[in-house]
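Student: Could you take me through the largest pocket, close up? I'd like to know what lines it.

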Amino acid sequence: MQEDTYAKGKYDAMAEQDGKIIERVAEPADKCSVSMTAISLSWLLTKVTSLVVGAIKLHHIEGAAKAVDLELTAEEIAYLEELYVPHKLVDVMAQNVPAAGKTQVWSLNNK
């Protein structure tokens, strides 16, 4: 088995906290008999008006469509968000902040 050391370095620091959030997504998914993806997309639809979903199989599209009809309550949304802590920027993203100095890895409009 091959490990993705890049991903481990990027995500392992928050794995315990992320696991708690994943457990919270599983609860309403089980209660509503839908996938965790449907819960996640339904939550995301409370934040944006349009989603871009990468789907390569029919069941991906069917699962995403279920999220449109799924309405989370304000309590469910608050419960899902309660434990969230933003991840610290790492790798190329961490290099692209003012505190990193003058070396900018990428920018908009080549500025």
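Tutor: Let's start with a term: helices are DSSP runs of H or I with at least four residues, numbered from the N terminus. This is a predicted model, where local features need pLDDT of at least 70, side-chain atom pairs count only at pLDDT 80 or more, and totals for chains, interfaces and linings use all residues. Residues are numbered from 1 along each chain as its sequence is written, and side-chain values use heavy atoms, with hydrogens and water left out.

Now the pocket. On a 1 Å grid over the protein atoms alone, a pocket is an open set of points where a 1.4 Å probe fits, with protein on both sides within 12 Å along at least five of seven lines; lining residues have an atom within 4 Å of a point. The largest one has a volume of about 370 Å³, taken as the space filled by probe spheres set on the points, which are joined across faces, edges and corners.

Its lining has 14 residues, and Ile21, Val25, Ser40, Trp43 and Leu80 lie nearest the centre. Helix 3 gives the most, six residues, while helix 2, helix 3 and helix 5 each supply at least two. By type, the lining splits into ten nonpolar, two polar and two charged residues. Here Ala, Val, Leu, Ile, Met, Phe, Trp, Tyr, Cys and Pro count as nonpolar, Asp, Glu, Lys and Arg as charged, and the others, Gly among them, as polar.

For the wider setting, the protein chain has six helices and zero strands.
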